[in-house]
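Thanks for making time this morning. I'd like to walk you through one model, from single residues out to the whole chain.

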Amino acid sequence: MAALASFGTAALFCGWLASSRSQLQILDHPNERSLHEQPTPRTGGIGIALGVAIGWSIVAMGTRVNMPRELYWLSGAAALIAFISFLDDRGHLAVRFRLGVHLLVAVLLVLGGLGLQTVPIPGVAIDLPWGIAELVTILLVVWMTNLYNFMDGMDGFAGGMAVFGFGTLSVLGGLAQAPVFAGLNMIVAAAAGGFLIVNFPPARIFMGDTGSTTLGFLAAGMALWGENAGIVPLWISMILFLPFVADATVTLIRRLLQGERVWQAHRTHFYQRLVQAGWNHRRTVLVEYGLMAICSGMALLAGRSGPALQAIILIGSLGLMAAFFWLVCRVEKRHRLLTKAQ
């Protein structure tokens, strides 16, 4: 019921925000770094946040068991980051201010007991000394929050990642007999699904920073919650979001090595390069959905496997992304040859 309410709320509210009847018109105008060509509302994140808030509230009020304290810390921090991001959508906020808020919400998660104690890999858990554990947690939260924002640049992309990522976390929570964790993740996936109704190519609305940074923060928070509660190992959560994590991380490293100003907007993520090489949004996002579905399948298999098979799955997921990056380079090369021949 809560997931249905979340889906319906997000779908209806995003539909209204995308219409000319909406009084809240914040338009994203195309520029040289954009993939879209028409001014488009970027207020869809409000609908996602509202859907999640209503769904989580129904769970909190309707469940007879005591809610885990992680929920309250996560909710409060997510509300703060959604509000600041909305202000940024309305009028540009300074990078140092936004980064300061991102650091603050990461610290809140540490104070709320969601800090990492170990770094798990298949068959091994590496203990982190005091101070280092908190630092790794903060860096993880800040990076996930920002990388999700970096990757939100194509119709249907970030919403689809949320449906696959949080939806699979919900299944893993159900398999681990953690109904609250499973329900909360399903609600986030449902809200993203409602948003996708008006964001799937051709999009009538974008999620803006309000949606992308909030979803990125929730992805990090849920991954930490799953790790600390013994529901889902952190590395399996990272496999779920690997299409985003790998693209954003490899692109950042490449830009650093090339001496670029990494804080400036650009169009060099792998998914953007496919669109520039001639693929349309729908084709590109469907291929990315295929990657997300494979990563979800790998994560589900890893959750029920022994250390040896888990190691193979981890290596295989990295190989999958390497193969995708190779494909993008091949498509670009072919496009250059065709353009040169014309």
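**A walk through the model**

Let's start with one cysteine. Cys14 is buried, because its relative accessible area is 0%. Keep in mind that this is a predicted model.

Now a second cysteine. Cys329 is in no disulfide. Its nearest cysteine sulfur belongs to Cys295, and that is 18 Å away. A disulfide needs the two sulfurs within 2.5 Å. Is Cys329 buried or exposed? Neither label fits: Cys329 counts as partly exposed, because its relative accessibility is 37%. And the disulfide count for the structure? It comes to zero.

Next, the overall build. The protein chain has 13 helices and four strands. Its radius of gyration is 19 Å, and the globule rule gives 20 Å for 342 residues, so the chain is as compact as a globular protein of that length. The C-alpha trace spans about 65 × 50 × 35 Å along its principal axes. Of the 342 residues, 53% are buried. Now take the contacts with a separation of 6 or more. Residues 24 or more positions apart account for 75% of them.

On to the interior. How many residues are in the largest nonpolar core? There are 101. Those with the most contacts inside this core are Trp56, Met144, Phe166, Phe217, Met222, Phe241 and Phe244. Which helix gives the most to this core? Helix α7, residues 179-199, with eleven residues.

Look at Trp56 in particular. Set aside its neighbours within four places in sequence. Trp56 is then in contact with Leu71, Leu74, Ser75, Leu184, Ile187, Val188, Leu218 and Met222. Met222 is on the list of core residues with the most contacts, as is Trp56.

Phe244 is on that list too, and it leads us to a small residue. Phe244 is in contact with Ala158. Ala158 lies in helix α6, residues 157-175. Ala158 counts as buried, because its relative accessibility is 1%. With sequence neighbours within four places left aside, its other contacts are Tyr148, Asp152 and Met207. Take the Tyr148 pair. Ala158 and Tyr148 are ten residues apart in sequence, and their C-alpha atoms are 7.4 Å apart.

Now the charges. Side chains of opposite charge can pair when their charged atoms come close. How many salt bridges does a search of the whole structure find? Three.

Here is one: Asp88 with Arg98, at 3.7 Å, N to O. Asp88 lies in helix α3, residues 69-90, and Arg98 in helix α4, residues 95-114, so the pair ties together parts that are ten residues apart in sequence. Both Asp88 and Arg98 are buried.

Another is Glu260 with Arg255, at 2.8 Å, N to O. The two ends sit in unlike surroundings. Glu260 counts as partly exposed, because its relative accessibility is 31%. Arg255 is buried, because its relative accessible area is 5%.

Then there is Arg273 with Glu332, at 2.7 Å, N to O. This pair links distant parts of the chain. Arg273 is in helix α11, residues 270-276, and Glu332 is in helix α13, residues 307-341. They are 59 residues apart. Both Arg273 and Glu332 are buried.

Now a charged residue without a partner. Asp209 sits in helix α8, residues 208-228. Asp209 is buried, yet it has no salt bridge. Which side chain of opposite charge is nearest to Asp209? Arg98, at 4.5 Å. A salt bridge needs nitrogen and oxygen within 4 Å, so Asp209 misses out. Arg98 does meet Asp88 in a salt bridge. What else does Asp209 touch? Beyond residues up to four places away in sequence, Asp209 touches Ser85, Asp88, Asp89, Arg98, Asn149 and Thr214.

Two backbone points to finish. A cis peptide bond joins Pro201 and Pro202, with omega of about -5°. Pro202 is in the loop between α7 and α8.

The other point is Gln177. Gln177 is not a glycine, but it has a positive phi of about 60°. Where is Gln177 found? In the loop between α6 and α7. Gln177 is exposed, because its relative accessible area is 68%.

Methods
Residues are numbered from 1 along each chain as its sequence is written. This is a predicted model: local features need pLDDT of at least 70, side-chain atom pairs count only at pLDDT 80 or more; totals for chains, interfaces and linings use all residues. Side-chain values use heavy atoms; hydrogens and water are left out. Buried means under 20% relative accessible area, exposed over 50%, partly exposed in between (1.4 Å probe, protein chains only). A nonpolar core is a set of buried Ala, Val, Leu, Ile, Met, Phe, Trp, Tyr and Cys residues joined through side-chain atoms within 4.5 Å. Helices (H or I, at least four residues) and strands (E, at least two) are DSSP runs, numbered from the N terminus. Contact means heavy atoms within 4.5 Å. Lys and Arg count as positive and Asp and Glu as negative; His and the chain ends are not counted. The radius of gyration is taken over C-alpha atoms; the globule rule is 2.2 Å times the number of residues to the power 0.38.
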